[in-house]
Amino acid sequence: AAQSFYQTYYTDILQHMFSVVTDTSHTAGLTMHATILAYMFILVETDKITAPLNAADQAASNMANMVYIQGFVANLLKTAFPHLTDNQIKITVTGLFNLNQDIPGFKDHLRDFLVQIRESTGEDDTDLYLEEREAALKTAQEEKRKVQMSVPGILNPHEIAEEMQD
């Protein structure tokens, strides 16, 4: 049952994932998108998907799913972003398969690709680093709060969480 699901929906899901990741209005969730895409590439790379993903093309040439998906993704990116060179597309696709076991590395590779896309269109790419910036600000805020709590009198007594006293 799983193999027929992959055969029917895998390329559609992959295409939709790339459309969401590359859509400039979807800035949040890059980590989750990277995790999903990496898992999808792992499925193909480790031959968890045994059914041919494109029966017509693969039956004639006896092509492996991984080779087919690499070509599919390259064609998808080339069609969506004609301003990218063939070498940029090749490096991107190779990186997607080589880094699929390393989610932070995969995310950085995906982010680099998104920066390449946005640089050529002149769009702002600062939102691609939003998650990291928010985490750094939260950490800085927590550190500041610790320092303030360690010095008596800096914080208002109402800002300090009281421990229950009997």
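In this predicted model, the side chains of Glu143 and Lys146 are joined by a salt bridge, with 3.9 Å from N to O. Both residues belong to helix H7 (residues 130-150), where they sit three residues apart, about one turn of the helix. An α-helix has 3.6 residues a turn, so residues three or four places apart point the same way. Glu143 is partly exposed, because its relative accessible area is 42%, while Lys146, at 54%, counts as exposed.

Helix H7 is part of a chain whose secondary structure consists of seven helices and zero strands. Followed along the sequence, the pattern reads α-α-α-α-α-α-α. The chain has 166 residues, and 31% of them count as buried. Among contacts with a separation of 6 or more, 56% come from residues 24 or more positions apart. The surface exposed by the chain comes to about 10,400 Å², with carbon and sulfur atoms supplying 57% of it.

Salt bridges offer a handy way to move through the model. The count for the chain is three. Another of them links Arg111 to Asp108, their closest N and O atoms lying 3.4 Å apart. This pair is placed in helix H6 (residues 103-121), again with a spacing of three residues, about one turn of the helix. The two partners sit in contrasting surroundings: Arg111 is buried, since its relative accessible area is 5%, whereas Asp108 is partly exposed at 37%. A further salt bridge brings together the side chains of Lys78 and Asp86, at 3.5 Å from N to O. Here Lys78 is partly exposed, with 30% relative accessible area, and Asp86 is exposed, with 57%.

Helix H4 (residues 65-80) lends itself to a simple geometric check. At 1.5 Å a residue, its 16 residues should span 22 Å, and the C-alpha atoms at its ends are indeed 22 Å apart, so expectation and model agree. The buried residues of H4 are Asn65, Tyr68, Ile69, Phe72, Val73, Leu76 and Leu77. Viewed down the helix axis, these buried residues fall within an arc of 160 degrees, and therefore they line one face of H4.

Helix H2 (residues 30-45) contains His33. With a relative accessibility of 15%, below the 20% cut-off, His33 counts as buried. Leaving aside residues up to four places away in sequence, His33 touches Met17, Val20, Val21 and Ala28. The C-alpha atoms of His33 and Lys107 are separated by 8.5 Å, although these residues are 74 residues apart along the chain.

At the surface, Phe5, Tyr9 and Ile13 form a nonpolar patch, and together they have about 270 Å² of accessible area. Tyr9, one of the patch residues, is found in helix H1 (residues 2-22). Its relative accessibility is 42%, so Tyr9 counts as partly exposed.

Conventions. Residues are numbered from 1 along each chain as its sequence is written. This is a predicted model: local features need pLDDT of at least 70, side-chain atom pairs count only at pLDDT 80 or more; totals for chains, interfaces and linings use all residues. Side-chain values use heavy atoms; hydrogens and water are left out. Helices (H or I, at least four residues) and strands (E, at least two) are DSSP runs, numbered from the N terminus. The expected span of a helix is 1.5 Å times one less than its number of residues. Buried means under 20% relative accessible area, exposed over 50%, partly exposed in between (1.4 Å probe, protein chains only). The arc is that of the directions from the helix axis to the C-beta atoms. Contact means heavy atoms within 4.5 Å. Accessible areas come from the Shrake-Rupley method with a 1.4 Å probe; for residues, only the protein chains shown count as cover. Patches are made of residues with over 30% relative accessible area and no salt bridge: like charges are joined within 9 Å, nonpolar side chains (Val, Leu, Ile, Met, Phe, Trp, Tyr) within 5 Å. A salt bridge is a side-chain nitrogen of Lys or Arg within 4 Å of a carboxyl oxygen of Asp or Glu.
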